[in-house]
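Okay, thanks everyone, let's get going. Have the sequence and the model open in front of you, and I'll talk you through a few places in it.

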Amino acid sequence: MQPPIVLHRAPWLLSMAGPVIADGAVVLQDDTIITVGCFHEVKVQFPEAKIVDHPGCVLMPGLINAHIHLELSHLAHLAKDIPGHDFTGWLTTMLAEREKLGVVGPAVEEAMRATLQDQFADGVIAVADIGNTSLNLALIGTFPGLLFPFVEYLGLTRASLVPALKKLGRQDDQVACTAHAPYSTHPELIQALKRRADAFGFLFPIHVAEPAAESDLLCKGRGELARFLRERGFYQDVFQRPGIDFGGSVQYLHSLGVLNEKTICVHGVHVSAEEIGLLRTNRAKVCLCPGSNRFLQVGKAPVAEYLDQGILPALGTDSAASNQELSIWREMRIIAEDHPEIDPYDILRMATVGGAGALGIEGRYGSLTRGRKGHFIAVSGIPEVEKEQEVCEVLVRKGGRRQIQWVRG
Ligand SMILES: [Zn+2]
C-alpha cells in the first residue's frame, strides 16, 4: 500500500526555487516532497490528499548554519561585553578563558548540547561544526537534522608539523579533519589536511581573510597577527616564498592548491575582486559570518561582489565567544543592515540554498522542490504581509525562533 499523501497549505509558500506563491501548498508522500505550487492547482492533482492548514504562516526550507564552534558555547560571556578590542586581543582573551574554564568537561558538553538544540528551535536543519577535540562527534545522533562535525588542526611552526601529521595519520577514516586558518596553520599541514579530505570525500572548511591582518602576515610577514604569533613563539616565517607575491589569503590558498568545490572559505571579508574570481573558477564555496565580523570589528564582507560574480555565499554564526546571538535569522538581519542594496530574497537564498550548496546537501535541503526531504519550517507571526513582494523582507526583518514550527513528513 502507498503511504498517504499529505498536503500542507499556508497563505505563503517560499520554495527558494522560484517566486513567492500566495495560498501555497507542499505535498508530501512519506518523508519526501512530491510537488509544490498554488493550493487550488495542487489540490486538483491530489484530490485524495489529507490537508494540513498552517494559518498565518510562510512555509519555507529549514535554514543552514554552515559554520559554528559548539565547543566554545560555554564562553558566551565573552561576547556579552561591548566590543572594543582588536582581533588578537579577543584571541588572547578567548584562549586564556578557555584554558581557565576547560577545553573539555561536563560544562563544555552541556553548553554544546544546549546550543545545538537551540539551532533546531531556531529553524536550522543542518549545521557544520568545527571543534578542536572530538566532542562534536558524540552529538550527531542528538540533532534532528544533519550535523557535520569537523576536527580542526592548527600549528604554524615546523616543530609542530611532524606531530600534527602523525596525529592526522592516526585519525579514524570516518572523522572529517580540517585546517584552522592560513595565519595559524603550516602550509604543508593545510595541504596534507586537504589531500586527506579529498581522498575521503569530506568538505574542507577553513577560516580565510577574517581579519585584515591576515594578508599583512601572509604577504609581508608583519602586522598585528605577526606580533601576536611572535610573542607566543608560534611564528615561523613560512609565508615568504621567493617569486610569489600573494595578493591575499585566497591567492595564498590557491597557490597551495587547496581550493576546489569542497573547500568552504569561511568569513571571506578581505578578498579582492580578483580573488572572488579565483574562488569562482575553482568552484570553492564561501560562508559569511556577519554577526561575528561585527562583534570583532574585522570589517564587512563584499556581499554584492560575491553575488555579482555568481557566488551565493552560505551563512554561519561562528561561535558564542564572538557573536552575541547564534541565530541565522540575526545573521540575515545584519546582512540587510550592512548591505541595504541586497535583495531580501537573495539574503534568504544565502541562508538556505547557499548553505545547502556549501554542505553538498542541495538534493535534500535548501529548497522545497520535488524529491527534497519533507522536513521544513512554518514561520508564523507575520500577519501584516499583504503582497508577495513583502514576504521576504518581513522574514528577514522579523523572522526568529519564537515563530518556528517544524513540519515533517
Ligand atoms: Zn570560526
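Before I start on the sheets, a word on terms: I call two strands paired if DSSP finds at least two bridges between them. And keep in mind that this is a predicted model.

So, with that in hand, take β10 and β11. They pair in the parallel sense over five bridges, and one of the contacts puts Val208 opposite its bridge partner in β11, His267. Next along, β11, residues 263-267, pairs with β12, residues 285-288, again in the parallel sense, over three bridges. There, Val266 has Cys287 in β12 as its bridge partner. Zoom out and you get an open sheet of four strands with parallel pairing, in the order β10-β11-β12-β13. Its edge strands are β10 (204-208) and β13 (314-315), each pairing on one side only.

Now, is β10 covered or open? It's mostly covered, with five of its five residues buried. In a regular strand the side chains alternate between the two faces of the sheet. In β10 both faces are covered: Phe204, Ile206 and Val208 are buried on one side, and Pro205 and His207 are buried on the other.

Hold on to His207, since that brings me to the metal. Which residues coordinate the zinc ion? His67, His69 and His207, each through NE2, plus Asp318 through OD, at 2.1 to 2.4 Å. In sequence, the donor residues follow the spacing H-x1-H-x137-H-x110-D. Both His67 and His69 are buried.

What about the geometry? The angles among the four donor atoms run from 86 to 163°, and the site is irregular. To count as tetrahedral, four donors need all their angles between 85 and 135 degrees, so the 163° end of the range rules that label out. For reference, the ideal angle for four tetrahedral donors is 109.5 degrees.

Let's move to the start of the chain. Strand β1, residues 5-13, has seven of its nine residues buried, so the rest of the structure largely encloses it. Who are its partners? With β2, residues 21-29, β1 pairs in the antiparallel sense over eight bridges, and Leu7 has Val27 in β2 as its bridge partner. With β4, residues 50-53, β1 runs parallel, joined by four bridges; here Val6 is matched with Lys50. And with β5, residues 58-60, the pairing is parallel over two bridges, with Trp12 partnered by Val58.

Then there's empty space. Searching the whole structure turns up one cavity of 30 Å³ or more, and the largest cavity has a volume of about 40 Å³. Its lining includes Pro61, Gly62 and Ile125, along with Arg364, Tyr365 and His375. By type, the lining residues split into five nonpolar, four polar and two charged.

Last stop: Ser380. You'll find Ser380 in the loop between β14 (375-379) and α14 (388-398). Buried or exposed? Somewhere in between: Ser380 is partly exposed, because its relative accessible area is 25%, and buried would mean under 20%. Ser380 and Phe39 are 341 residues apart in sequence, and their C-alpha atoms are 18 Å apart in space.

That's what I have, so over to you.

Terms used. Residues numbered from 1 in each chain as written. Predicted model: local features only at pLDDT ≥ 70, side-chain atom pairs only at ≥ 80, totals over all residues. Heavy atoms only, no water. Donors = N, O, S within 2.8 Å, 3.2 Å for Na, K, Ca; no water. Tetrahedral: all angles 85-135°; square planar, octahedral: opposite > 155°, others 65-115°. Buried < 20%, exposed > 50% of the residue type's maximum accessible area, 1.4 Å probe, protein only. 1 Å grid on protein atoms, 1.4 Å probe; cavity = no way out; pocket = protein on both sides within 12 Å on 5 of 7 lines; lining within 4 Å. Points joined across faces, edges and corners; volume = space filled by probe spheres on them. Nonpolar A, V, L, I, M, F, W, Y, C, P; charged D, E, K, R; others polar.
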